[in-house]
Amino acid sequence: MGQIPITSSFNLPNGQEVIIETGKLATQAHGSVVVRVGNTMLFASVVSATKAKEGQSFFPLSVDYQEKFAAAGRIPGNFFKREARLSDYEILTSRLVDRAIRPLFPNGYMHETQVIINLISAEEDVMPDAYAALAASAALAVSDIPFQESLSEVRVAKIGGTYQINPKKSELAEATLEIIVAATMDNVMMVEGEAKECMESELVEAIKIGHDAIKTQIEAQNALAQKVGDKALIKREFVEHEINPEVLELVKSMTGDAIYKVAKGALDKKSRKEQFSEIQENLKTELEEKGEEWLEEHGEDANLAFGKLKKDIIREMVLSEGVRLDGRPLDQVRPIWTEIGYLPSPHGSAIFTRGETQALTTLTLGTKLDEQMIDTALAHYFEKFILHYNFPALSVGEIKPMRGPGRREVGHAALAARSLRQVLPDENAYTIRLVADVLESNGSSSMATVCSGSMALMDGGIKIKAPVSGIAMGMIADGDRIAVLSDILGDEDALGDMDFKVTGTEKGITGCQMDIKIDGLPYETLEKALSQAKEGRLHILGEMAKTISAPAADLKDHAPRITEMRIDKSFIGAVIGSGGKVIQELQEVTQTTITIEEVGNEGVVKISSSNKANIDAAVAKIEQITHVPEVGNVYDAKVASVMPYGVFVDFSGQSGLLHVSEISHERVNDVSKVFKEGDSVKVKLIGIDPKTKKFRLSAKVLLEKPKRD
């Protein structure tokens, strides 16, 4: 039997039971649980150092979600046949959990903490990512780690006009809205998802429904902690560091006026950063006069006080004066300029610049052979729409080794991709790759990617349903005083109480990502913020339309053209040939790329080339191969081989036997004296054998009968 676990459970709105258990696996971890949903099982563990990491300036939390291939009865398809680096999907799930739980650790908690979540058993139609944060929070709940309060996440989807909690994977294909909501008992912490041009009110309603479902899940976690007892209920002692009020007042008297002057100066990012640094350096110089003993005792507090003071002064300026760091009113979007076709060789390109944030995006069109293979424990498929986001250090004037995309790049790319995917044409023969290179950054680079990506698609002639723009919103709140900021700067993101990005068309929202840092945010305030975001989104669409408002009439001259043919399934083998010989020869002769896919009773043939004449040549040859001869038609044939009983001939992409009896009205004793290989002959199709489908050919019916004496 083994160890009997401690359990707690709840039911989803659809009646599905979810069980949380602890005490059976990984008992040396500081907290561990297994979450069961039918045959799906997630194992989560958490370990946190007992001492703070020396010299640590930020909370060293790592969250890793990984799906074991064995969970789905599969062996990894890579060379090593073992789980390797996290897939993009696993990274995105890790980020969802990280962003939800990170704010709930105490301020100043610098103890290295690791959360690991593994999918250890899988059911094909259950989406495990919707339970990852539940597992992580439950592991923290049964530990002694000072986690402030439990939370959970749920997926909310609108299917057939009805909102559903954690629907089956197979049901999501019909969803018009799909979001992940993370929340504590009282507060929504995070929202991320996509929609088919939904209204703001629909998004708010989905968040409310998700939050209600989460409360039940938190009650189950709290019940589990109660059953575990003191190990879970008595947390490690951790006292948040408080800045010495006398030091805070001293720093304020020395720097307050100077900080306010810079904050009110409507400076650009570089100048503002330099002047704040100068104030801090002057402060350091003045404090050094107090002696080494004072600095040793109060130096850290002085640094913390400067950061706190700067944040408080800027927030108060925004709340009381309605003025922002760059001088804009709260709802004003930074100046925008755009350009398309800047790069001559890609299949489409666009520059989108908003204030001091700039993205250069390229479009590349490919064939089915260019599709991206997605191979995870629960999914194996090919993706036709690929979006990559690059954030080099040069965009912020810094130096950093080029080590490939990090989690931030993967997350921003996913947000932009889901936003644009909603408007792609329903019928699309191309593999589409967008690459966004952020060349300047002062906030909202992911939204610049959405805008430049939309414009690059239109520049390249992709018939998207509507242009898409995106805007990053912020919020500063102090009691009843609330300021909603449109198109936030990087500095405003750091000092605000909410960061939410909204993308969409003129009709509605296609994507969103919200991180809410304020307790007790009223839904009325969220609705106001979304309404202001809509105004900003429409303004940006208007600015984009000054450069391009609809897809180009045609692809670029040098872009690959794809022609699609549909042939009877029975001809697929003939087009491919033995060992691929026919299709390879076709591609070589016509200088095209040809792919064939079986769909139902048809073969879908896609022919790609940037030269129309080459495509036409390939089409003609395939039509020859797939042409079905009709009885009674006359064809030009060529002798392929000579046999004693007749000759085999090739005609109209087919082959057949011209029997010795059908060669001439006269008796033919030696076929080799009449025909040799390569000879041309006209034949008439006089019949098709109903069983063997072999063609009956005749040459003599086309010859005049000899007159008899």
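Visitor: How many disulfides does the count come to?

Guide: Zero, by the rule used here. A disulfide is a pair of cysteine sulfur atoms within 2.5 Å.

Visitor: Where is the nearest cysteine sulfur to cysteine 198?

Guide: That sulfur belongs to cysteine 512, 7.5 Å away. Cysteine 198 is in no disulfide. Its relative accessibility is 3%, so cysteine 198 counts as buried. Buried means under 20% relative accessible area, exposed over 50%, and partly exposed in between, with a 1.4 Å probe and protein chains only.

Visitor: And why no bond for cysteine 451?

Guide: The closest cysteine sulfur, in cysteine 512, is 16 Å from that of cysteine 451, which is too far for a bond. Cysteine 451 has 0% relative accessibility and counts as buried.

Visitor: What sort of model is this, and how is it numbered?

Guide: It is a predicted model, numbered from 1 along each chain as its sequence is written. Local features need pLDDT of at least 70, side-chain atom pairs count only at pLDDT 80 or more, totals for chains, interfaces and linings use all residues, and side-chain values use heavy atoms, with hydrogens and water left out.

Visitor: On to the core. How many residues are in the largest nonpolar one?

Guide: It has 151 residues. A nonpolar core is a set of buried Ala, Val, Leu, Ile, Met, Phe, Trp, Tyr and Cys residues joined through side-chain atoms within 4.5 Å. Ile101, Ile117, Tyr131 and Ile179 have the most contacts inside this core.

Visitor: Which helix gives the most to this core?

Guide: Helix α7, residues 292-321, with 10 residues. Helices here are DSSP runs of H or I with at least four residues, strands are runs of E with at least two, and both are numbered from the N terminus.

Visitor: Which residues is isoleucine 117 in contact with?

Guide: Contact means heavy atoms within 4.5 Å. Leaving aside neighbours within four places in sequence, the partners of isoleucine 117 include Leu42, Phe43, Val63, Tyr65, Val97 and Ala132.

Visitor: Ala132 is in α2. How many residues of that helix are buried?

Guide: 10 of the 10 residues of α2 (132-141) are buried, so the helix is largely enclosed by the rest of the structure. Among them are Leu134, Ser137 and Leu140.

Visitor: Sheets next. What is the strand order in the open sheet of five strands?

Guide: The order is β11-β12-β13-β17-β16, with mixed pairing. Two strands pair if DSSP finds at least two bridges between them.

Visitor: Which strands stand at the edges?

Guide: β11 (336-340) and β16 (385-390). Each has a single partner strand, so one side of each is left without a neighbour in the sheet.

Visitor: How many bridges join β16 to β17?

Guide: Six, and the two strands run parallel. Leucine 387 has leucine 434 in β17 as its bridge partner.

Visitor: Which strands does helix α9 lie across?

Guide: α9 (445-459) lies across β11, β12, β13, β16 and β17, at about 145 degrees to β12. Axes are lines fitted to C-alpha atoms, for helices over the stretch in contact, and angles run from 0 to 180 degrees between N-to-C directions. Helix α8 (407-421) lies across β16 and β17, at about 140 degrees to β16.

Visitor: Last topic: backbone. Where is lysine 81, with its positive phi?

Guide: Lysine 81 is in the loop between β5 and α1. Its phi is about 55 degrees, although it is not a glycine.

Visitor: Is aspartate 487 buried or exposed?

Guide: Aspartate 487 counts as buried, at 0% relative accessibility. Lysine 81 counts as partly exposed, at 49%.
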